[in-house]
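Biologist: Here is a model I would like to go through with you, asking at each step what justifies the word we use.

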Amino acid sequence: MRIIIEPDYEALSKKAAQIVASKIKKKPNIVLGLATRGTPLGMYKELIRMGKENELDFSKITTFNLDEYWGLSPSHPQSYHYFMWDNLFSHININSERVNVPSGTAKNVKAYCKWYEQKIKEAKGIDLQILGIGRDGHIGFNEPGSSLSSKTRLKTLTVETVEDNARFFKNKDEVPKYAITMGVGTILEAKECIILVNGENKAEAAQKCIEGPVCSGCTSSALQLHSKVITILDEKASQNLKRKKYYQYSEKMASNLKKLS
Ligand code: PGA
């Protein structure tokens, strides 16, 4: 796993956007896996800026979102459909036919989840998956205890996740208790992944994800089994890392090597 430590959230967001932009430029019809909530917002803002300034063309990309609250319609202001259109898709030249966000209103959930997996396969898989992590180290809505080979399915959210999400809802009772999420196994099938982690409240989860044992108690730790992952942290989120000095040294050495070759 490559570890990049940036001074703050702004620098982290810019770094992530630069990496995503370079991948889009290399492969204009790239298939991106996208995440919602607070962490990727800064990166989305930067990508929007690049699109507006004609540095980046999104017209051929395909996207698959990680998850959606079950029970919320796409027009609900707290649904992830709404979030994605509000914070990214409406501001870039994306083709809406190539946008995929799990449905929060699917009737036959099992069949729907199977179909979502099939759709990813038909797109020849996800080239680059963007991930944030929860305070308990979850990815998507793969709560602690989720199978590390799980596929897209309905998950019951933990009390902690419901509490974390409550900040986005006016009324606590409105906060969804279930979500449809890509599985850990689905995420591991992506060709490359970028994990973004910022803030002191994620320092413990970041340490477990990067340096802890691979276990279902911290589903992001499964990414240690993936051969192409970049984790970008801000200084605060990196404060518990035991091998922090080595990660920084290793980044410096990699850039020295680039200059030499
Ligand atoms: P956040 O959520 O980006 O709002 O911190 C991350 C997550 O729970 O996966």
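Biologist: How much space lies in the largest cavity?

Modeller: In this predicted model, about 60 Å³ of space lies in the largest cavity, and the count comes to 1 cavity of 30 Å³ or more.

Biologist: What makes the lining of the largest cavity nonpolar, and which residues form it?

Modeller: The lining consists of Val 20, Ile 24, Leu 32, Leu 34, Met 43, Tyr 44, Leu 47, Phe 58, Ile 61, Leu 88, Ile 92 and Ile 130. Because Val, Leu, Ile, Met, Phe and Tyr count as nonpolar, the division by class is 12 nonpolar, no polar and no charged residues. Helix 1 (9–26), strand 2 (31–34) and helix 2 (41–52) each give two or more residues to this lining, and helix 2 gives the most, with 3 residues.

Biologist: Why is the approach of His 138 to the ligand called a polar contact?

Modeller: A polar side-chain atom of His 138 lies 2.8 Å from an oxygen atom of the ligand, and the cut-off for a pair of N or O atoms is 3.5 Å, so the term applies. By the same cut-off, the 3.0 Å between a ligand oxygen and a side-chain N or O atom of Arg 167 qualifies, as does the corresponding 2.6 Å for Lys 202. The protein covers 90% of the 280 Å² of accessible area that the ligand has on its own.

Biologist: Where does the ligand sit, and which classes of residue surround the ligand?

Modeller: The ligand sits in the largest pocket, and the shell around the ligand divides into 1 nonpolar, 4 polar and 3 charged residues.

Terms used. Residues numbered from 1 in each chain as written. Predicted model: local features only at pLDDT ≥ 70, side-chain atom pairs only at ≥ 80, totals over all residues. Heavy atoms only, no water. Polar contact = N/O pair within 3.5 Å; in protein donor to acceptor, adjacent residues only side chain to side chain. Areas by Shrake-Rupley, 256 points an atom, 1.4 Å probe, with all protein chains shown as cover. 1 Å grid on protein atoms, 1.4 Å probe; cavity = no way out; pocket = protein on both sides within 12 Å on 5 of 7 lines; lining within 4 Å. Sits in = over half its atoms within 2 Å of the grid points. Points joined across faces, edges and corners; volume = space filled by probe spheres on them. Helix = DSSP H or I, 4+ residues; strand = E, 2+ residues; numbered from the N terminus.
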